[in-house]
Amino acid sequence: MIAALIAGFARVLTGGSVRWVEDPSPGRQRVYFANHTSHADFVAIWAALPPEQRRRTRPVAAAEYWKRNALRRYLAKRVFRAVLIDRGNGGTTAGVDAAESASRRGREAIEQMVSVLREGESLIIFPEGTRGDGVETAPFKSGLYHLAVAAAEAELIPVRLENLNRVLPKGELIPVPVVARLTFGAPISLAAGETRDALLERARESVVTLRHTQGPPAR
């Protein structure tokens with residue numbers, strides 16, 4: 001009930017125009033990957049999914065944000081069932097130690113996400129790794145490639161978010177009602193022999209090209 005209410009509120013708040021370029025296969029496991037502009041991004045994607053898909057889809061989010069207070073912890077754990085990733089922004093030793101620590105956290109994050117996929121659930125991820133300006137899409141980090149290798153049966157669904165950075169601007173706590181746009185693209189998959197860099201650039205381009213794409217509205 002709480003999940004349905006939050007999903008409805010998110011759709012009303014953003015006034016979101018949701019479009020699917022191609023309806024994904026029903027019942028398939030998916031990794032939704034999108035450009036990243038605000039803390040409202042995964043909520044908007046999660047809310048836009050049909051209820052059956054929403055129930056088996058878990059967003060990946062920054063632990064330091066969603067563990068900050070009791071309400072956020074409750075929403076992350078009990079409503080969104082978020083996969084909370086430790087990004088280690090709390091101060092690490094400089095130099096080699098910092099690099100090793102970042103590498104270790106990266107491996108642990110991938111292990112968390114792969115574990116979820118092996119349980120048969122879907123994910124929402126943001127391969128840029130940090131928030132952008134809503135216009136340019138930064139190069140994707142390697143996590144998406146590792147997920148594509150670990151769960152080859154999952155559909156990789158590109159998602160383009162527009163205006164979400166105006167719904168919850170960086171540093172603000174209260175969302176602002178703004179018309180947003182979410183476009184779900186056609187699924188892609190790792191091709192035989194495709195390199196990591198080639199997949200990541202193809203995936204990034206699939207998000208970029210969804211800007212202003214026309215498609216059938218969500219039903």
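Which residues are buried in helix 2? In this predicted model, the list runs Asp41, Phe42, Val43, Ala44, Ile45, Trp46, Ala47 and Ala48. Put as a count, eight of the eight residues of helix 2 are buried, so the helix is mostly covered.

**The largest core**

Helix 2 also matters for the bookkeeping of the largest nonpolar core. That core has 32 residues, and Ile45, Phe80, Leu182 and Phe184 are the ones that touch the most other members. Quite a few elements give two or more residues to this core: helix 1 (2–14), strand 1 (17–20), strand 2 (30–34), helix 2 (41–48), helix 4 (63–66), helix 5 (70–79), strand 6 (155–162) and strand 7 (181–184). Helix 2 supplies the largest share, seven residues.

There's a second core too, lying apart from that one: it has 26 residues, including Phe140, Ile188, Leu200 and Val207.

**Three residues to click on**

Here are the contacts of three residues, leaving out residues up to four places away in sequence.

| Residue | Touches |
|---|---|
| Phe80 | Ile6, Phe42, Val43, Trp46, Thr57, Arg58, Pro59, Trp66 and Leu75 |
| Pro59 | Phe42, Phe80, Arg81, Ala82, Val83 and Ile124 |
| Arg204 | Thr137, Ala138, Pro139 and Phe140 |

Take Pro59, which sits in strand 3 (residues 57–62). Pro59 has a relative accessible area of 0%, so it is buried. Its C-alpha is 8.4 Å from that of Ser122, although the two residues are 63 apart in sequence. Phe42, one of the buried residues of helix 2, is touched by Pro59 and by Phe80.

Now for Arg204, in helix 9. Is this arginine buried or exposed? Arg204 counts as buried because its relative accessibility is 17%, and the cut-off for buried is under 20%. Its side chain reaches the backbone oxygen of Thr137 at 2.7 Å.

**How helix 7 meets helix 9**

Helix 7 (residues 143–150) packs against helix 9 (residues 196–208) at an angle of about 105°, and their axes are 9 Å apart. That angle makes the two helices roughly perpendicular. On the helix 7 side, Leu144, Tyr145 and Ala148 make the contact, while helix 9 brings Arg196, Leu199, Leu200 and Ala203. Sorted by class, this contact has six nonpolar residues, one charged residue and no polar ones. Leu200 of helix 9 turns up twice, as part of this helix contact and as a member of the 26-residue core.

How values were computed:
Residues are numbered from 1 along each chain as its sequence is written. This is a predicted model: local features need pLDDT of at least 70, side-chain atom pairs count only at pLDDT 80 or more; totals for chains, interfaces and linings use all residues. Side-chain values use heavy atoms; hydrogens and water are left out. A nonpolar core is a set of buried Ala, Val, Leu, Ile, Met, Phe, Trp, Tyr and Cys residues joined through side-chain atoms within 4.5 Å. Buried means under 20% relative accessible area, exposed over 50%, partly exposed in between (1.4 Å probe, protein chains only). Helices (H or I, at least four residues) and strands (E, at least two) are DSSP runs, numbered from the N terminus. Contact means heavy atoms within 4.5 Å. Axes are lines fitted to C-alpha atoms, for helices over the stretch in contact, and angles run from 0 to 180 degrees between N-to-C directions. Angles under 35 degrees count as roughly parallel, over 145 as roughly antiparallel, 65 to 115 as roughly perpendicular and the rest as oblique. Ala, Val, Leu, Ile, Met, Phe, Trp, Tyr, Cys and Pro count as nonpolar, Asp, Glu, Lys and Arg as charged, and the others, Gly among them, as polar. A polar contact is a pair of N or O atoms within 3.5 Å; within protein, one must be able to donate a hydrogen and the other to accept it, and residues adjacent in sequence count only if both atoms are side-chain atoms.
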